[in-house]
Amino acid sequence: MIDPRILREDPDRVRASQERRGASSDVVDRALSADSARRAAIADFEAKRAEQKQMGKKVAQAKGEEKQQLLAEVKDLAAAVKQAEAAQGVAEEEWKKALKAIPNLADDAPAGSEDDFVLIEKVGKPRDFEAEGFEPRDHVELGKMLGAIDLERGAKVSGSRFYFLTGVGAELEFALINLAMEQAREAGFTQVIAPALVRPEAMEGTGFLDQVDDGVYKIEDDDLYLVGTSEVPMAAYHSNEILDPDTLPRRYAAFSSCFRKEAGSAGKDTKGIIRVHQFEKVEMFVYTTLEESYAEHQRLLEWEKAFLDKLELAYQVIDVAAGDLGPSALRKFDCEAWIPTQGKYRELTSASNCTTFQARRLDIRARTENGTTPVATLNGTLTAITRAIVAVLETHQQADGSVRVPKALQKWLGREVLEPIQK
């Protein structure tokens, strides 16, 4: 959630953020109203409680009929105090609910929706297959020729948007994971295998609970959720803890399987493994101070770019528009790789600065000279396996259907070329 002081002291800033997101500012007015109601409820309870204490002193000193009359008044007052306390509790819950409905302040993100991103840079040049004298095959055809991707059996066993990675496809996944973890280790990240099932508190704390209907799988009987990213368990990793500031930043590289319903993607990317229900990912997650979070955000982007450079891909970096941000992010950078057969750039990685939004919900603080303050959290994709496989296969394919292995992956795959097993 946002800092409530900003809402109280500068509500126009919050309204401006909502406008940048293309969202209604009604949530601001509702939160301010709820805050006023909460304050009034607190004042009413405290006044009645103080009156009750004073009445108690009078009863102790009174005698006879006066005491009996005061006791009757005390009984009525006790009921009023109880009612005021309950009203305070309701007002407090309404205030929290209203505050949580406000997304993070998108002060620095470009205004607008998905298509209003700002291009930061382009890296590398897409291959000119026409000049090379052949038409590129898509990853589905290449995957079949290489014996790497089996979509038919994936659909037979599990349904649409599922797949098997076989042979060099499975090897390529492990190679990408190993390369990502090697880079993370060298950059000082602690490697983590994160759980793929989390409690509702973790989902709510990271701002993903609102997406349950659209994209998240829930295990009803156990009240658990399958994560769409290891950002969720990693954000909750230090929940309800006070961290030593000398240990910040804390950087983690977490591997997990990820699950997404893709309910809102009907008709989109139905062919292949770009948009699927299950995939593996290595996610960078950082805890740091609010002041340092902005520089750390840039560092996450540079680590993502370094990984794409190792895969020898052409890509662009964009500053994501406010209306395309999740509720937790203040700002997000996406790296989009060129996919030859689609003739466009597609998202491979994202890096988000969530400032103190998630930490406030999850009660993660650091001890400072001025007491305890919420930390900042950031996340960045190091590699999302299926999309990385798509980009590698299509970018580095050769006319005969073989695929040149980027140099950085060769030690993990033990070969320089992936050869077709069928023509």
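**Figure 1. Helix α6 against helix α14 in the predicted model.** In this predicted model, helix α6, which spans residues 139-146, packs against helix α14, residues 385-395, at an angle of about 80 degrees and with 9 Å between the two axes. Since angles from 65 to 115 degrees count as roughly perpendicular, α6 is described as roughly perpendicular to α14. The residues that make the contact are H139, L142 and L146 on the side of α6, and V390, L393 and E394 on the side of α14. Sorted by class, the residues in this contact of α6 with α14 are four nonpolar, one polar and one charged.

**Figure 2. The eight-stranded sheet and its edges.** Eight strands make up an open sheet with mixed pairing, and their order is β1-β11-β12-β13-β16-β10-β9-β4. The edges are taken by β1 (118-123) and β4 (190-193), each of which has a single partner strand, so that one side of each is left without a neighbour in the sheet. From one strand to the next, the twist averages 25 degrees. Helix α14 packs on this sheet and touches β10 (278-288), β12, β13 (344-353) and β16 (376-384), while the direction of α14 makes about 40 degrees with that of β16.

**Figure 3. Helix α14 and its cover.** The helix that packs on the sheet is mostly covered, with eleven of the eleven residues of α14 buried. Among these buried residues are V390, L393 and E394, which also belong to the contact with α6. The buried residues of α14 further include I385, T386, R387, A388, I389, A391, V392 and T395.

**Figure 4. Strand β16 between its two partners.** In the order of the eight-stranded sheet, β16 is placed between β13 and β10. Strands β10 and β16 run antiparallel and are joined by eight bridges, and within this pairing V282 stands opposite T383 in β16. Strands β13 and β16 also run antiparallel, joined by three bridges, and here N353 stands opposite L378 in β16. Nine of the nine residues of β16 are buried, so this strand is largely enclosed by the rest of the structure.

**Figure 5. The pairing of strands β11 and β12.** Strand β11, residues 315-319, and strand β12, residues 331-339, run antiparallel and are joined by five bridges. One position to look for in this view is V317, whose bridge partner in β12 is C335. In the order of the eight-stranded sheet, β11 follows the edge strand β1 and is in turn followed by β12.

**Figure 6. A sheet of three strands.** Strands β8, β14 and β15 form an open sheet in the order β8-β14-β15, and its pairing is mixed. The edge strands β8 (241-243) and β15 (371-374) each pair on one side only. On average, and with direction ignored, neighbouring strands of this sheet are turned by 40 degrees against each other. Strand β14, residues 364-368, runs antiparallel to β15, with four bridges joining the two, and R365 stands opposite P374 in β15.

**Figure 7. Two cysteines without a disulfide.** The sulfur of C258 has its closest cysteine sulfur in C354, at 16 Å, which is too far for a bond. Seen from the other residue, the sulfur of C354 likewise has its closest cysteine sulfur in C258, again 16 Å away and too far for a bond. Because a disulfide requires the two cysteine sulfur atoms to lie within 2.5 Å, the count of disulfides comes to zero. C258 counts as buried, at 0% relative accessibility, and C354 is buried as well, with a relative accessible area of 2%.

**Figure 8. A170 in helix α8 and its surroundings.** A170 has its place in helix α8, which covers residues 168-186. With a relative accessible area of 23%, A170 is partly exposed. A170 and A148 are 22 residues apart in sequence, and from C-alpha to C-alpha they are 7.0 Å apart in space.

**Figure 9. The close-ups in the setting of the protein.** The protein has 15 helices and 18 strands, and its C-alpha atoms fill a box of roughly 105 × 40 × 40 Å along the principal axes. Of the 423 residues in the protein, 49% are buried. Among the contacts in the protein with a separation of 6 or more, 73% come from residues 24 or more positions apart.

Conventions:
Residues numbered from 1 in each chain as written. Predicted model: local features only at pLDDT ≥ 70, side-chain atom pairs only at ≥ 80, totals over all residues. Heavy atoms only, no water. Buried < 20%, exposed > 50% of the residue type's maximum accessible area, 1.4 Å probe, protein only. Axes fitted to C-alpha atoms, helices over the stretch in contact; angles between N-to-C directions. Parallel < 35°, antiparallel > 145°, perpendicular 65-115°, else oblique. Contact = heavy atoms within 4.5 Å. Nonpolar A, V, L, I, M, F, W, Y, C, P; charged D, E, K, R; others polar. Pairing = 2+ DSSP bridges.
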